[in-house]
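Work through the exercises below with the coordinates open. Each task is followed by a stepwise solution.

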Amino acid sequence: MAEQVGARRTIWIGVAALAIVALVLLLWPGREPSKPTSPVVGSASTSGAPAVATADKVVAPTPFTAAPDGSAPEPPKTIWQLRLNRAQQTLDKYLESTRYPPHSRPISEMPDLQTTERRVEKQLGFRKKNGTKRGDLRLNLTQSSQRIIADETLRMTIACVSGKGIEPSTVLSARSEELPSRGQTQTPIAFVDDGSHGDEKAGDQVWTALFQPATSAQFNGYNGDVQVPVEIRCSGDEALTYFNFFYTANVPARFTGKVREAVEKGSLALYLELEVKKAGWYKLDLRVDDANDTRLAFTSFDAELPVGLHEARFVLFGKLIVDYAAQPPFKLRDLDGYRFVADTSPDREYLKPTAGPIYTTKTYPAGTFSDAEWTSEEKDRNVAEFTKDVKEAKEKVADEQSGKIPKEYPPSSAPPK
Amino acid sequence: MKRVLAAALSTLAAASVFAFAPEAGATNYSLWIHGRNTSGLGAQGNYADFAYWGPSSYSAGVNKKSVNWGGVDRISPSNYRVRDALDCFCTGSNWCYIAAHSAGDAQIGYTLAMYGGSSRYKKNAVANSSGVCGNVDGTTQVGWNIKWIDVAAGAGGGSELADAGEWFVSDNLTADLVTTTTRALYNHNTTRSKWLYRFAGASGTLYSGLLPGQDDEVVSYHAAGGVSGTSGGSFCNPGDWFCDGDLYTGSNGTSSGRPLWSYQTVDFRDDGESYNHYTNGSWGGIVGKVRADMVTYAY
């Protein structure tokens, strides 16, 4: 990271020099500034009344412009040609996506939810306590997770960085505060740089803190957002920055470890047993790999559960198995989720994630699973509407081409003056 | 006096809407979901009040409706306003195009992820003074009838202005706009297979010390472009050497390999650094680009 910042500084100097040359060329006499094109909305009328956009559709085609590579310019598209493109795209993409149901998706669709890990790394500006900024400094923050549940411990690090690399710094204070009742109760948090308490290397100016909310009376029974304001001195100035995470002290349910499976309607149903302590609406996610450890599916449970021992049903959709040539036995892993409480804040109580392997299914002979696409009233309704839109747009384009209706072009959307 | 007059006009406008509102039958609507709104523009539940956006006389897609959800409370407790609007105009035989600005991105994303598969009563598109419409026949459907979503300066990935405490004193919504919080608030990849067309502005300068990469003075490209991950990042226009990577147009993510959330596409990237975040009471900034898009495609 230090090398990266140092290299950037060198680049800055070079670019500054180039910028000066460019500025001189730009201001050289005889060079006209480029003219902005007309904005979408008309200018104020002579009566002084607010301008009204009456020209959102223009009948005259926008002028052809030469392509940058000198090839023949493309003719502008009419509004109906554009609408046809989007309607066709909407239909095609919807059909492609809805081969599988919403609750059993290819895991490739979940780039940031491949596992239960929620590690955070971010680089923030150096904001002084009086609100002014130091543009030459940044604060690098990491935290082991965005959510802390029950007895889990959060690890946080902070370092001050300039163009030269990591700068000497001192953490002046840190404390935990509930949101939104900030400041009513606080627990001091110690950041160290002495190689202890989770700190990787003494004296490297990367300050570390371990914080276990469950050990603080402040968070007894707490559920909600927590922020950790940190005051840090660096290069002669003091900055105030924040770590943020969500803490659930008491989990509403737990996975007992019991799983059963059944082939149902050409798909593999997976029943995971939960001990539910609080009844409610549960939203849970489970990942599935195939026998070759190829990541395959992201399956979801989204339903009410009463108190007691109950099974949450996940589905590994048959066509997903077939299309991806996934080999059984399937490996279930990384279960997480929460009890969802609609229309309130906080809107959830997290379960403790089960990271890593959970269960391996039986093997199944070829042909066990169906390659039939997902069907539902919802899908039929959407496909019918999108198909109608494509048909209508095609007819309009044909009417334009035959001269039956005039060709209309979209408005310019040049930036405002 | 001005406030009394405004209230009277607002009431009159609302009354006129209810008096002449019956828009039944198979109809398409354009729903505009606003962002953070500390000025309190737009009466909640009044779908004709476009005070947040600009003059209501402007074209902004077929049968435009303003979804006024407040803009200061946290996403979850204020989300019912969005669901009320979707129930009103996007069920039964009616269909919707959605446009969202800033925190409106988080609102529609949250709605689709949390409630997209829920059972909804089919409504008649005639709203009462609270913005709730009557049932058509007591039957239900799964989810809403949405064609696609346009997003101007989306804050579904949060804003470092919330991270840094720039907004702390003013409203509860800020707590949800912390980058790590917004990104954990809902599964951004779950849109019920509906696409989000993203429009990202880049004319920001005021907060360049706080907002990483290209920004529009409130959100950075990582949020406006729908870049996935637990936190933001520094993404820019091509040719800028001081970022983690370029934000690509389309659905290809960034040059550094960070993908977008699924069902997102960057329809407009502000290479000219011309568009900021603010509507300025006149459909301004990057909202102007989305308005033009809605005029073209929402018919």
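**Exercise 1.** In this predicted model, decide whether Arg291(B) is buried or exposed, and find which backbone oxygen its side chain reaches.

Solution.
1. Locate the residue: Arg291(B) belongs to helix α9 of chain B, residues 286–297.
2. Apply the cut-off: buried means under 20% relative accessible area.
3. Arg291(B) has a relative accessible area of 1%, so Arg291(B) is buried.
4. The side chain of Arg291(B) reaches the backbone oxygen of Ser59(B), at 2.4 Å.

**Exercise 2.** Determine how many residues of strand β3 of chain B (residues 95–101) are buried, and which strands pair with β3(B).

Solution.
1. Sort the side chains by direction: Trp95(B), Tyr97(B), Ala99(B) and His101(B) point one way, while Cys96(B), Ile98(B) and Ala100(B) point the other way.
2. Both sets are buried. That makes 7 of the 7 residues, so the strand is largely enclosed by the rest of the structure.
3. Strand β1 of chain B (residues 28–33) pairs with β3(B) in the parallel sense over 6 bridges; Tyr29(B) has Cys96(B) as its bridge partner.
4. Strand β6 of chain B (residues 146–152) also runs parallel to β3(B), joined by 6 bridges. Here His101(B) stands opposite Ala152(B).

**Exercise 3.** Describe the largest nonpolar core and say which helix gives the largest share of it.

Solution.
1. The core has 96 residues, and Leu31(B), Trp32(B), Leu86(B), Phe89(B) and Ile98(B) are those with the most contacts inside it.
2. Helix α4 of chain B (residues 103–115) supplies the largest share, 8 residues.
3. Domain 1 (129–248) and domain 2 (252–360) of chain A each contribute at least three residues to this core.
4. Apart from this core lies another, of 32 residues, including Tyr100(A) and Leu274(A).

Terms used. Residues numbered from 1 in each chain as written. Chains lettered and ligands numbered in written order. Predicted model: local features only at pLDDT ≥ 70, side-chain atom pairs only at ≥ 80, totals over all residues. Heavy atoms only, no water. Helix = DSSP H or I, 4+ residues; strand = E, 2+ residues; numbered from the N terminus. Buried < 20%, exposed > 50% of the residue type's maximum accessible area, 1.4 Å probe, protein only. Polar contact = N/O pair within 3.5 Å; in protein donor to acceptor, adjacent residues only side chain to side chain. Core = buried A, V, L, I, M, F, W, Y, C linked by side-chain atoms within 4.5 Å. Domains from an automatic or database assignment. Pairing = 2+ DSSP bridges.
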